[in-house]
Amino acid sequence: MRDKKERDNHMASVGFIGLGNMGAPMMRNLLKAGHAVKAFDLSEAARTSAADAGAAAVTVAADAARDVDVVVTMLPAGAHVKSVMLGEGGLFAAARKGTVFIDSSTIDVATARLVSEEAAKAGHAFVDAPVSGGVGGAEAATLTFMVGGPDAAFEAAKPFLEAMGKTIVHAGGPGNGQAAKICNNMLLGISMIGTCEAFALAEKLGLDAQKLFDIASKSSGQCWSMTSYCPVPGPVPTSPANRDYKAGFAAAMMLKDLKLAVEAASVAGASIPLGAEAAQLYAMMAGTGQGGLDFSGIIHMLRGST
């Protein structure tokens, strides 16, 4: 591992694995910060794009972890994280001891804690660091990172997280980043459904959407789902409702996070009746073929207009 002075001077080498809608702009921001990046994705087109941006593209995931200071992963699910990290051909085996691993995937808490344990056994620092902020936040480097892991691992990862995000919060020990993410997104899913129901009811009652927004956004019904991401066109010009619900955060991704919340609640013995109902409603939306729409597009289903 290079010394702290080198890392602070943006001279670190980084392996980045997972160059999708979120991972690709996060990787580019590490390049902009001055880091040398080795990038891997299963998609040849994604690797080519990374190379065009200035990264060294590799065709084997483990090669991205060799002789680097930091490895960042952005993968679809816990099963993918375990398969790429663990085992003889995994990242932990390929990396030199002392490598800092940052997993920004959104996965189940149990897997995050298992992988953290295995990282420690292999002599690596590991943090689970899921994100909030969507593709726009990834592109603008304004993401919020919810970070779980030991204090020393968090401090080692922080300079790299700061290159990709604006708000970096240490949520506690291993797995707590994932815990924070699923709790936050469960609340978001519930509040969006409530906001959509209010606007759908207002339409039926003949109340103009702008009038409801003007009143509720300054009253006790105010919430982020209304004031920053209003699910009807007009009141918030930047919301997906004004772009035919083109996804900033797809309904299918919300469903994934709500399923994680339901699973975690079952394991922990917690009661989440509204979270469970929200998961069912988003499953219904996805079942109609609308999973690719923004999650605020659930207002169509609540209107009965899917």
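## Salt bridges, a helix pair and positive phi angles

Arg-303 is partly exposed, with a relative accessibility of 28%. This value, like the others below, comes from a predicted model. Arg-303 forms a salt bridge with Glu-203, and the closest N and O atoms of the pair are 2.6 Å apart. Arg-303 belongs to helix α15 (residues 298–303) and Glu-203 to helix α10 (residues 176–205), so the bridge ties together parts that are 100 residues apart in sequence. Glu-203 is partly exposed, at a relative accessible area of 38%.

A search of the whole structure finds 4 salt bridges. The table lists some of them, including the pair just described.

| Basic residue | Acidic residue | Closest N and O atoms |
|---|---|---|
| Arg-303 | Glu-203 | 2.6 Å |
| Arg-96 | Asp-69 | 2.8 Å |
| Lys-121 | Glu-118 | 3.2 Å |

The salt bridge of Asp-69 with Arg-96 has its closest N and O atoms 2.8 Å apart. Asp-69 lies in the loop between α4 (61–65) and β4 (70–73), and Arg-96 in the loop between α6 (91–94) and β5 (100–103), so this pair links parts that are 27 residues apart in sequence. Asp-69 has 0% relative accessibility and counts as buried because the cut-off for burial is under 20%. Arg-96, at 29% relative accessibility, counts as partly exposed.

The salt bridge between Lys-121 and Glu-118 lies within one helix: the two residues are 3 residues apart in α7 (residues 109–121), which means a separation of about one helical turn. Lys-121 is exposed, with a relative accessible area of 63%. Glu-118 is partly exposed, with a relative accessibility of 25%.

Helix α7 also takes part in a helix pair. The helices α7 and α10 pack at an angle of about 165°, and their axes are 8 Å apart. Since angles over 145 degrees count as roughly antiparallel, α7 is roughly antiparallel to α10. The crossing of the two helices, α7 and α10, is right-handed. On the α7 side the contact is made by Val-109, Ala-112 and Arg-113, which meet Asn-176, Gln-178, Ala-179 and Ile-182 of α10. By class, the residues of this contact are 4 nonpolar, 2 polar and 1 charged.

The backbone has positive phi values at Asp-67 and at Tyr-245. Most residues other than glycine have a negative phi. Asp-67, which is not a glycine, has a positive phi of about 55°. Asp-67 is found in the loop between α4 and β4, the loop that also holds Asp-69 of the salt bridge with Arg-96. Asp-67 counts as exposed, at 58% relative accessibility, whereas Asp-69 counts as buried.

For Tyr-245, also a residue other than glycine, phi is near 60°. Tyr-245 is found in the loop between α12 (224–227) and α13 (251–268). Tyr-245 is buried, with a relative accessible area of 5%. Both positive-phi residues thus sit in loops: Asp-67 between α4 and β4, and Tyr-245 between α12 and α13.

Conventions:
Residues numbered from 1 in each chain as written. Predicted model: local features only at pLDDT ≥ 70, side-chain atom pairs only at ≥ 80, totals over all residues. Heavy atoms only, no water. Salt bridge = Lys/Arg side-chain N within 4 Å of Asp/Glu carboxyl O. Helix = DSSP H or I, 4+ residues; strand = E, 2+ residues; numbered from the N terminus. Buried < 20%, exposed > 50% of the residue type's maximum accessible area, 1.4 Å probe, protein only. Axes fitted to C-alpha atoms, helices over the stretch in contact; angles between N-to-C directions. Parallel < 35°, antiparallel > 145°, perpendicular 65-115°, else oblique. Left-handed = near helix turned anticlockwise from the far one by under 90°. Contact = heavy atoms within 4.5 Å. Nonpolar A, V, L, I, M, F, W, Y, C, P; charged D, E, K, R; others polar.
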